[in-house]
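Trainee: Got a minute to go through this one with me? I'd like to start with burial.

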Amino acid sequence: MNLCFNTALAAGYKSKAQIARVLSESWAASNVFCPCCGYSSLTKLDNNEPVADMRCDKCGEVFELKSAKGKLGKKIPDGAYETMIQRINSLTNPELFVLQYTPEYEVTDLTLIPKFFFVPSIIEKRNPLPPTARRYGWVGCNILYSNIPKQGKIPIIQNKNVVDKEIVVEKYTTVKQIQTNNIETRGWLFDVLNCVNSIHGDVFTLKEMYGFVDVLQELHQDNHNIEAKIRQQLQLLRDKGFIEFLGSGVYRKKI
Ligand SMILES: [Zn+2]
């Protein structure tokens, strides 16, 4: 995999944002394999395609590409808020590639966020654009990247090291078990998974999980039996292969 952008393609473009888009999209289309099925390349879609930037011709998955020069912040700016929420609720949002590159246009990191890791709670509504803006009143969104559980961030390139294709596809296939068609269930599952992830070490107890009751109550104010919900979500995480039960309220992380 060639990690350098083909800067010759920037000829004729003036805006920095446009140059970044053209270079990163063409780099991805000619270098990245499909992380969902392992097919060797992706097809770049027309710029007027509203949903996605690339498609895998073998498995049909579509991908959106977001790129950042240098270090990634906690939030990634994305398109229109309402459209994003609609796509998540109707399960039609694309898989997301997050690409980081140096000022010299060399790729350092590429991460896949599987589409089923998106929930409305990781989407932040931005303020409407002011009257001085060309698109006055338009409301965009931010993806709260740091709120996505670590299992939903699959590295493809890490610090300029390319991860083996087989490893990437295997990880994608494993975490795909978490997919649910119910958005509310999905939100609960990720909130509890984030709590599990924040516990140090691989083995943890139900008592430790009850330590998150206040945090989860804050996120789900309508629920009045958080402890029961925690137990239910731990069972789901077990059924989906993320954790195992060792007995007597003790659990082990598997992924
Ligand atoms: Zn594919």
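Mentor: Start with the cut-off: a residue is buried if 20 or more other C-beta atoms lie within 10 Å of its own, and exposed if 12 or fewer do. Keep in mind that this is a predicted model.

Trainee: OK. Which residues are buried in α1?

Mentor: L23, S24, W27 and A28.

Trainee: How are they arranged around the axis of α1?

Mentor: They fall within an arc of 125 degrees seen down the axis, so they line one face of α1.

Trainee: What covers the buried residues of α1?

Mentor: The cover includes strands β2 (54–55), β3 (62–69), β5 and β6.

Trainee: And how many residues does α1 have, and what does it span?

Mentor: Helix α1 runs over residues 16–31, which is 16 residues. From first C-alpha to last it reaches 22 Å, close to the 22 Å expected.

Trainee: Switching to α7. What span should it have, and why?

Mentor: α7 covers residues 226–239, 14 in number, so at 1.5 Å a residue it should span 20 Å. Its end C-alpha atoms are 20 Å apart, which agrees.

Trainee: Which α7 residues are buried, and which are exposed on the other side?

Mentor: I230, Q233, L234 and L237 are buried. Seen down the axis, the buried residues of α7 sit within an arc of 105 degrees, so they line one face of the helix. On the other side, A228, Q235 and D239 are exposed.

Trainee: Why does the spacing matter for residues three or four places apart?

Mentor: An α-helix has 3.6 residues a turn, so residues with that spacing point the same way.

Trainee: What do the buried residues of α7 pack against?

Mentor: Two helices, α4 (183–198) and α5 (206–210), and two strands, β12 (243–247) and β13 (250–253).

Trainee: Let's take α4. At what angle does it pack with α7?

Mentor: About 90 degrees, with the axes 10 Å apart. The two helices are therefore roughly perpendicular to each other.

Trainee: Which residues make that contact?

Mentor: From α4, W188, L189, V192 and L193. From α7, K229, I230, Q233, L234, L236 and L237. By class, the contact has 8 nonpolar, 1 polar and 1 charged residues.

Trainee: And α5? What does Y210 touch?

Mentor: Y210 lies in helix α5. Leaving out residues up to four places away in sequence, Y210 touches E227 and I230. I230 is one of the buried residues of α7. Y210 itself is partly exposed, with 14 other C-beta atoms within 10 Å.

Trainee: How far is Y210 from I226?

Mentor: They are 16 residues apart in sequence and 8.6 Å apart in space, C-alpha to C-alpha.

Trainee: Backbone now. Where are the positive phi values?

Mentor: G241, just after α7, has one of about 80 degrees. L91 is near 55 degrees, and is not a glycine. Y105, another residue other than glycine, is near 65 degrees. Most residues other than glycine have a negative phi.

Trainee: Where do L91 and Y105 lie?

Mentor: L91 is in the loop between α2 (81–89) and β5 (95–101). Y105 is in the loop between β5 and β6 (107–113). L91 counts as partly exposed, with 15 C-beta neighbours inside 10 Å. Y105 is partly exposed with 18.

Trainee: Last one: is P131 buried or exposed?

Mentor: Exposed, because P131 has 7 C-beta neighbours inside 10 Å. P131 lies in the loop between β7 (123–125) and β8 (140–144).

Key
Residues numbered from 1 in each chain as written. Predicted model: local features only at pLDDT ≥ 70, side-chain atom pairs only at ≥ 80, totals over all residues. Helix = DSSP H or I, 4+ residues; strand = E, 2+ residues; numbered from the N terminus. Expected span 1.5 Å × (residues − 1). Arc of directions from axis to C-beta. Contact = placed C-beta atoms within 7 Å. Axes fitted to C-alpha atoms, helices over the stretch in contact; angles between N-to-C directions. Parallel < 35°, antiparallel > 145°, perpendicular 65-115°, else oblique. Nonpolar A, V, L, I, M, F, W, Y, C, P; charged D, E, K, R; others polar.
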